[in-house]
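Work through the exercises below with the sequence and the structure side by side, and try each task before reading its solution.

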Amino acid sequence: MSDIKKIKHEFLHKLNADLNIESINQIKSELFGKNGKISNLFKNLGSLPTEERKKFASDLNFIKDELQEKINKKIQEIEIKEINSKLDNEKVDVTLPERDIVQGKIHPVSQVIDEISSIFSEIGFSVEEGPDVENEHYNFTALNTPDNHPARDMHDTFYLDDKKELLLRTHTSPVQVRTMLKGKPPFKIIAPGRTYRSDSDQTHAPMFHQVEGLHIDKNVNMGHLKGCLNYFIKSFFEVDKIKMRFRPSHFPFTEPSAEVDIGYELKDGKIVIGEGDKWLEILGCGMVHPNVLKNVKINTDKYQGYAFGIGIDRLAMLKYGINDLRAFFETDYRWLNHFGFDPLDVPSNYRGLSR
Amino acid sequence: MKFTIDWLKEHLDTKFKDNQIIEKLTDVGLEVESFEKVSSELDNFKVAKIINAEQHPNADKLKVCDVDIGEQNTVKVVCGAPNAKKDLLTVYAGPGSVIPKNNMKLTVSKIRGVTSYGMLCSESELNLSDESDGITELKLNKYSDKVGKNFFKNNTEKVIDLSITPNRPDCLGVRGVARDLAAAGVGKLKIISNMKIKNSGPQKITVSITKDKNQGCTIFGSCLIKDVTNKESPKWLKDKIISLGQKPISAIVDITNYVMLDLNRPLHAYDADKIDKEIIVRNSKKGETFEALDNKEYKLDNDMCVISDKSGVLGLGGIIGGTRSGTEFNTKNILLESAYFLPKSIRKTSKLLNIDTDAKFRFERGIDPQSIEIGLEKAAQLITKICGGKVSKFDIQSIRKVKKNKIKFKISLFEKIAGFKIKDKEVINILIDLGFKVTKKKSELELTIPTWRPDISQPIDIVEEIVRIKGYNNIETLEPEKNRIKDTLNKQQKLFHFLQRSVASKGYFETVTWSFTDSKINNLFRENYKEIKIVNPISSDLDVLRNSIFPNLAFYIKKNLDRGFKDISLYEIGPIFKDNNPGEQLTLIGGIKSGKISRLNWNEKNRSVDVFDAKKDTIQTLIEAGYDRHNLFIREKSPSYYHPGKSGSVYLDKDDIDPVAYFGEIHPNIIKKLDIKTEALVGFEIYLDYLKDKKLKLKDSKSKFQFSDYQKSDRDFAFVVDKNFKAQDLIEIISSIDQSLIKSVKIFDVYEGENIPKDKKSIALNVTIQSSEKTLEESDLEKINKLIISTVETKSGAKIRS
């Protein structure tokens with residue numbers, strides 16, 4: 001009995017000393033090796049009288065576990081200590097720069113087109129497209145702008161042939177015509193895209209972007225037009241309230257026609273949309289002219305509706321504080337980096353239009 | 001369209017304040033561009049202070065003065081006045097000013113070697129007094145705080161500038177504007193009192209309108225005014241003309257202009273003594289010429305409407321008069337013309353000859369054909385009042401009767417379109433105020449359209465009249481309905497949006513460039529496409545539609561490189577043009593990448609970008625778009641603007657004929673031609689139109705999830721193959737040996753050089769072998785090893801490297 005206790009005390013004492021891994025292994029084999037002290041005691045179990053054997057075996061197992069545990073603990077301690085001492089030599093300067101990631105960017109025009117699509121998607125519009133090269137029929141004549149119409153002068157048109165039949169579309173409105181010709185009412189579409197006019201200065205670029213809107217159904221009136229645009233502008237500028245003014249105007253393809261102004265004020269040289277008493281013209285719209293509907297064989301007794309055209313670049317400028325239109329198309333790396341958007345920033349109605 | 005409030009009030013009886021009138025103009029659709037004083041030449045004269053006056057280095061009697069004119073910097077003025085001295089307040093006239101006394105226009109000039117910017121003025125030069133001995137001395141107490149301010153008060157009235165839409169020619173005259181305002185409740189339109197002019201007998205110059213085909217003139221009214229004394233206009237008339245920013249010429253010209261601006265009734269005055277016998281309104285003949293009042297000689301084509309006499313063309317009807325019959329100060333007898341020209345004819349002629357005049361602008365939009373006489377009356381009355389003379393009877397020649405257009409208007413159409421209701425009575429009143437004759441028949445109105453409204457022809461036009469006069473603010477704002485007819489985006493549009501962001505996520509900056517480009521650069525990338533010229537380009541270096549996405553990307557990457565950027569990745573998604581008909585365009589993504597990867601990096605080695613960067617971005621983009629990498633097939637074929645040995649094309653399937661993408665290094669000759677300075681330049685193109693949608697929707701295309709838990713084994717092989725043998729084929733051969741066992745094939749080394757024959761290369765690959773049924777025994781592995789080696793050797797002529 002006292003034998004095992006003695007062994008226990010002796011070895012626990014030994015193990016309490018400051019040991020290295022070799023000395024622990026040494027102790028381990030002294031105890032549990034082939035001729036280890038504990039191993040030997042186990043070997044001798046058989047020679048004990050039956051009545052003692054049970055008790056002794058139980059005590060011996062107990063001490064064995066205790067010592068074993070102590071040894072394991074000790075080994076772990078040493079290993080951790082060793083790792084820790086290694087770590088002291090593994091220090092790097094974490095203030096050194098991280099590895100490069102080149103962040104790509106989405107052009108503001110593309111981002112704004114996605115924002116616009118997201119907003120109109122919410123109220124049931126779908127997206128249509130049309131070709132950049134048009135003929136004069138789709139760009140003008142079908143839109144109630146015959147050859148002798150002075151409104152044609154207001155579009156500084158790029159022509160692709162001497163007969164002036166082929167041209168770069170001056171607006172997205174030809175998509176209205178194409179859409180109505182290939183389908184049947186009702187129509188509820190927007191058509192964003194590139195448009196072209198031979199005009200170039202600080203506020204005009206020879207290419208720019210428009211989004212066309214068209215809603216034709218049985219009882220669509222000017223109230224719906226106003227509601228739709230009010231909803232769009234509020235959503236786009238992400239404000240609760242918007243001051244909006246409809247002003248009579250003239251476009252050959254709508255009647256009645258309107259231009260829409262929104263209220264703004266200048267705060268620290270920046271345009272703030274929605275407040276203030278200044279007006280900013282942002283779009284043209286109206287009820288689709290019966291002549292246009294007749295040109296695409298729609299029964300004007302049954303169907304009517306509205307159309308609008310909005311300058312996308314201008315919207316982008318207003319929302320994101322960009323002041324030079326021409327810079328949109330000049331591919332200055334610094335500009336793209338500054339005004340571009342993270343590709344993961346996809347505008348959507350549930351996540352919000354912009355961060 | 002410009003006019004003053006006072007002028008407006010000659011036609012409109014109103015108590016409205018200026019700002020209320022301005023607001024109402026915009027409300028009825030006459031957009032006010034500005035409401036301000038017209039700047040006058042006298043604005044150039046400023047109160048100024050001499051800061052310093054020094055002796056001129058080369059002239060005893062001159063001084064060089066530093067003058068404070070209220071701007072950031074002082075200006076230097078050389079001055080000969082004895083009283084010019086420091087601290088004197090005086091009047092300064094800058095370069096460009098016209099000195100009132102002698103009408104001399106100042107310029108920046110050198111006086112004895114010293115540059116003088118403008119002049120300090122004496123009272124005499126300013127027409128203030130006869131004092132000419134020295135410069136004006138201004139009282140300190142009155143002017144000391146006015147330095148930089150205008151010396152003369154601008155007495156001109158504020159001018160309203162309206163932007164008139166092309167459908168409203170009637171509002172190109174003040175009276176038309178007044179009528180709209182009256183209809184909208186801003187006062188009452190004044191009645192034009194009957195102007196009784198005593199006539200002195202018939203108009204003796206015969207006028208005839210020929211019956212040529214497409215005759216552009218339908219009515220020609222005229223009167224002869226004899227014994228006039230042409231002179232400068234009286235002050236009131238001059239002021240009116242000046243207030244609109246125009247120059248007074250002579251009473252007769254000013255009066256015709258005044259009537260035009262007042263009533264939108266263009267007139268023309270001929271010197272009657274210069275007319276050879278008679279007036280003939282006819283079509284021109286090809287080759288006829290005449291000198292117009294703009295002092296240009298015009299050569300006419302056939303069938304332009306001209307006013308002529310026995311000797312030839314006097315003027316282009318409704319567009320511009322000629323010098324031969326123009327009025328001058330000594331003109332004694334005048335023939336006054338008031339005619340109607342057809343808009344179509346005016347437009348055609350003016351376009352062909354490229355002439356733009358005020359008269360042309362008005363006739364082309366449509367003049368009231370019934371304003372012939374009132375125009376003659378008003379002008380004749382003014383002329384006789386100012387210049388004296390005797391007026392003949394009016395001679396009106398006409399080849400077509402003025403039609404009174406009538407339409408029927410269902411009142412209910414208004415609410416159907418505008419979405420709100422107004423009383424029938426109000427509708428009728430608005431229309432009457434606008435000049436319509438109205439007869440009510442139950443729920444329908446029979447309307448006679450006023451002759452000054454060529455824009456109105458159908459019921460919808462009437463709706464617009466009522467809603468604009470009533471006010472657009474009465475239109476309700478209806479909440480939009482959220483029902484949907486169709487998906488927002490179709491499949492191709494979804495792909496567009498996805499790819500756009502997919503490429504950007506690989507470190508590329510999206511750009512948007514013109515759809516047109518420089519033909520010289522375009523030709524480098526044009527391949528077999530037709531060059532599409534723009535007839536009227538904005539500049540000679542943007543003269544064609546782009547046949548490729550690269551010309552602009554190359555141009556702009558060069559610009560950025562020249563700015564000092566080195567490692568640039570740009571892309572654009574947009575159209576390229578195959579030909580010049582609608583729809584002959586393709587949508588492409590083009591990407592371009594320059595310079596190095598990991599430039600100036602402390603822990604990674606830098607390297608130039610190469611074909612495999614371009615390939616990675618291309619392939620990865622296609623994978624993200626949902627195409628299976630295993631089906632993608634690469635060929636060496638690529639357009640000529642790529643490096644012939646370092647470029648390729650991608651096919652969605654091995655059997656496809658058309659590639660969906662190209663990638664590679666840009667041809668070194670092009671880099672050289674465009675002088676692009678970079679270590680390396682690579683690019684890729686993806687054709688969205690060729691990415692045909694072969695796939696099922698994701699929800700239908702996911703296969704059952706299966707995996708194997710049995711032990712995987714890796715085996716390495718190195719094969720020596722012909723140099724031209726494609727790695728793609730080698731992978732394909734091995735992969736298809738046993739698809740149930742060979743899970744992946746990876747190339748980890750390609751070697752040419754020592755120990756390998758010159759026309760050969762060694763490809764080392766790692767093959768992962770795994771069964772889904774059992775753990776493979778050594779013998780199984782040995783079997784598949786042997787199979788791999790023998791198959792590759794037979795199919796490719798390769799030899800296993802020992």
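**Exercise 1: the partners of one strand**

In this predicted model, strand β8 (residues 270–273) of chain A pairs with β7(A) in the antiparallel sense, and four bridges join them. Starting from this pair, find which residue of β7(A) stands opposite A:Lys270, and then work out with which other strands β7(A) pairs.

*Solution.* Begin at the pair just named: the residue opposite A:Lys270 in β8(A) is A:Lys267. β7(A) and β8(A) form a hairpin with two residues between them, and in the turn A:Asp268 has a positive phi of about 50 degrees.

Next, turn to β6(A), which pairs with β7(A) in the antiparallel sense over seven bridges. These two strands also form a hairpin, again with two residues between them, and A:Arg247 stands opposite A:Glu259 of β7(A).

Finally, look at strand β9 (residues 278–288) of chain A, which runs antiparallel to β7(A) and is joined to it by nine bridges. Here A:Asp261 has A:Glu281 of β9(A) standing opposite.

**Exercise 2: two cis peptide bonds**

Most residues other than glycine have a negative phi, and most peptide bonds are trans. Locate the cis bond that joins A:Pro185 to its neighbour and the cis bond that begins at A:Glu255, and say where in the chain the second residue of each bond lies.

*Solution.* The bond from A:Pro185 leads to A:Pro186, with omega about 5 degrees. A:Pro186 lies in the loop between α8 (174–182) and β4 (187–196) of chain A.

The bond from A:Glu255 leads to A:Pro256, and its omega is near -10 degrees. A:Pro256 has its place in strand β7 (residues 254–267) of chain A, the strand that was paired with β6(A) in the preceding exercise.

**Exercise 3: positive phi in two loops**

Is A:Glu238 buried or partly exposed, and is A:Thr331 buried or exposed? Decide from the number of other C-beta atoms within 10 Å, where 20 or more make a residue buried and 12 or fewer make a residue exposed.

*Solution.* A:Glu238, which is not a glycine, has a positive phi of about 55 degrees and lies in the loop between α9 (222–237) and β6 (244–251) of chain A. Because 13 other C-beta atoms are within 10 Å, A:Glu238 is partly exposed.

A:Thr331, also a residue other than glycine, has a positive phi near 55 degrees, and is found in the loop between α11 (312–320) and α12 (333–339) of chain A. With 24 other C-beta atoms within 10 Å, A:Thr331 is therefore buried.

Notes: Residues are numbered from 1 along each chain as its sequence is written. Chains are lettered from A and ligands numbered from 1 in the order in which they are written. This is a predicted model: local features need pLDDT of at least 70, side-chain atom pairs count only at pLDDT 80 or more; totals for chains, interfaces and linings use all residues. Two strands pair if DSSP finds at least two bridges between them.
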